[in-house]
Amino acid sequence: MTLSTIAALSPLDGRYAARLAPLRPLMSEQGYMHRRVQVEVCWFVALSDAGFAEFKPLSPGARTYLLGLVKNFSEADALAIKEIEKTTNHDVKAVEYWIRAKFEARPELLRAAEFVHFACTSEDINNTSHALQLKGARDQVILPALDALIAKLREMAHAHAAVPMLSRTHGQTASPTTVGKEIANVVVRLAAARERIAAIRLMGKMNGAVGNYNAHLAAWPDFDWEAFSRKVVETPEPLGLGLTFQPYSIQIEPHDYMAELFDAVARTNTILVDWCRDIWGYISLGYFKQKLREGEIGSSTMPHKVNPIDFENAEGNLGLANAVLKHLSEKLPVSRWQRDLTDSTVLRNMGVALGYAALAYHSLGIGLSKLELSQEALAADLDASWEVLAEAIQTVMRRYGVQGAYEKLKEVTRGKSVLAEDLHRLIRSLEIPAAEKERLLKMTPASYIGAATDLAQRC
């Protein structure tokens, strides 16, 4: 059955399908099958090199053929496996049978067919396949998308490093900052979060039905199966899996690293939710305008509207991503005794969680590319907020021992509209050095930005 995108149940495969094309080969069921084939082939080839008299090393031609099954795996191959599964009603066994069927015209491989899936439980194949899926999604989609956002935000932080902006703590006027410094705050947080995602070790176990190499040792009691499994798991691709070996497990890998990864992505998304809401507010204040796109409509009834839809879409999809990511991280490390199947169906939604995250990153990138700074609006806000200099004046007063400095400024400014003349009159009456008076008299809300410019330029 072929579905059009408009008939898809999930918007990830419907409305937003084109945006998620890079993720689909990695996290779809076809991607899962592809990785299963990769694991089975790696294990099979490694067994041939283990020194067993019953399984001689494969010829170069056989190795090339087997690696080609992985390299050239197609949608047609995935559909063939699904066809086998209709009979087996077991997806991993269907992969095994598909591989063995590929041996039929090759006597060398056909003689060794019983070593496909040798001593493995399904979870030896599944857990390593999931890790490979996550490795691909992280390295090829999630991290590059975050890198692009960080680069764009850093560019904006540097470009607007010295542009003064009124702060709003508790939604009220507060000590000025710069546009660049506020963006730099996001850059630094996001870069740290990105590194946490990148640093997580993706684990794999290949130790049998309950983690003890029972079947392995039944076949070859004197062989170091743990060292062999570690080599398969940790040898770089394509001869190995390029993962980190998990030495202790029940039937399933404990999934603690998955929880760590999903939590790290969720925390990153939370930073971006914070930024989406802030930039939405700055657009509302008129600090940023959005570039118009020919033919685009903001409202079906209000022709003037230019809505911040990209940031709203990003925020909504970040929320959806985090809802699934948090369930994954809470559920996956929990398994009854040595195995239950509740993780299996949940794991099939990893692509959903990362799909909503990738979609949000895409929307956010589009939104950032459409922003144009309105320095006029920023300047007007600052010029109407002279009360923010109360902090500077009372702090200088304190330096020179003026009693009740804070209270005097509070009386003049709290909850009031303050003009420049009001502050200048107060400054001239202060018992502080004349040079300090002159410095304060020259100060404006736009110049009272502390080290914001330097901080923005350093991010």
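α2 passes α3 in a left-handed crossing. That is my starting point, and a caution goes with it: this is a predicted model. Helix α3 covers residues 60–71. The axes of α2 and α3 are 8 Å apart, and the packing angle is about 160°. The cut-off for roughly antiparallel is over 145 degrees. So α2 and α3 count as roughly antiparallel to each other.

Let me stay with α2, residues 29–48. Two packed helices are described by the angle between their axes and the distance between the axes. So here are those two values for α7, which is residues 122–159. The axes of α2 and α7 come within 8 Å. They cross at roughly 120°. That angle makes α2 oblique to α7. The hand of this crossing is right-handed.

Next, α10, residues 225–234. Its axis and the axis of α2 come within 10 Å. The crossing angle is roughly 130°. α2 and α10 are therefore oblique to each other. Again we have a right-handed crossing, this time of α2 and α10.

Now the rings. How many aromatic pairs does the structure hold? The count is 16. Take one of them, Phe-44 with Phe-103. Centre to centre, the two rings are 5.4 Å apart. Their planes make an angle of 40°, and the pair is classed as tilted. Why does this pair tie together separate parts of the chain? Phe-44 sits in helix α2, while Phe-103 sits in the loop between α5 (91–101) and α6 (107–111), so the pair connects parts 59 residues apart in sequence. Are these two residues buried or exposed? Both Phe-44 and Phe-103 are buried.

The pair also belongs to a cluster. Ring pairs link its members, and Phe-44 and Phe-103 are among them. From the early part of the numbering, the cluster also takes in Trp-43, Phe-52 and Phe-55. Phe-115 and Phe-118 are in it too. Further along come Trp-220, Phe-223, Trp-225 and Phe-228.

Rings and charges next. Which residue lies over the face of Tyr-32? Arg-36 does, at 3.8 Å from the ring centre. There is another case at Tyr-65. Here the charged end of Arg-106 sits over the ring, 3.9 Å from its centre.

One contact in space, for those who like contact maps. Leu-79 is in helix α4, residues 75–88. In sequence, Leu-79 and Gln-30 are 49 residues apart. In space, their C-alpha atoms are 8.3 Å apart. Leu-79 is exposed, with a relative accessible area of 52%.

On to the strands. β1 runs over residues 164–169, and β2 over residues 172–178. The two strands run antiparallel, and five bridges join them. Met-165 has Thr-177 as its bridge partner in β2. For Thr-169, the partner in β2 is Gln-172. The hairpin has two residues between the strands. His-170 takes a positive phi there, near 60°.

That brings us to backbone oddities. Most residues other than glycine have a negative phi, and most peptide bonds are trans. So these next residues deserve a look at the backbone.

Ala-119 is not a glycine, yet its phi is positive, about 65°. Where is Ala-119? It lies in the loop between α6 and α7. Ala-119 has a relative accessibility of 18%, and that counts as buried.

Trp-337 also has a positive phi, about 50°, and it is not a glycine either. Its place is the loop between α12 (309–331) and α13 (342–347). Is Trp-337 buried or exposed? Trp-337 is exposed, with a relative accessible area of 77%.

Last item: the peptide bond between Glu-237 and Pro-238. That bond is cis, with omega about 5°. Pro-238 lies in the loop between α10 and β4, which is 244–245. Helix α10 is the one we met earlier, crossing α2 at roughly 130°.

Methods. Residues are numbered from 1 along each chain as its sequence is written. This is a predicted model: local features need pLDDT of at least 70, side-chain atom pairs count only at pLDDT 80 or more; totals for chains, interfaces and linings use all residues. Side-chain values use heavy atoms; hydrogens and water are left out. Rings of Phe, Tyr and Trp (its six-membered ring) pair if their centres lie within 6.5 Å; planes under 30 degrees apart count as stacked, over 60 as edge-to-face and the rest as tilted. Helices (H or I, at least four residues) and strands (E, at least two) are DSSP runs, numbered from the N terminus. Buried means under 20% relative accessible area, exposed over 50%, partly exposed in between (1.4 Å probe, protein chains only). A charge sits over a ring if NZ of Lys or CZ of Arg is within 6 Å of the ring centre and within 35 degrees of the ring normal. Two strands pair if DSSP finds at least two bridges between them. Axes are lines fitted to C-alpha atoms, for helices over the stretch in contact, and angles run from 0 to 180 degrees between N-to-C directions. Angles under 35 degrees count as roughly parallel, over 145 as roughly antiparallel, 65 to 115 as roughly perpendicular and the rest as oblique. A crossing is left-handed if the near helix is turned anticlockwise from the far one by less than a right angle, and right-handed if clockwise.
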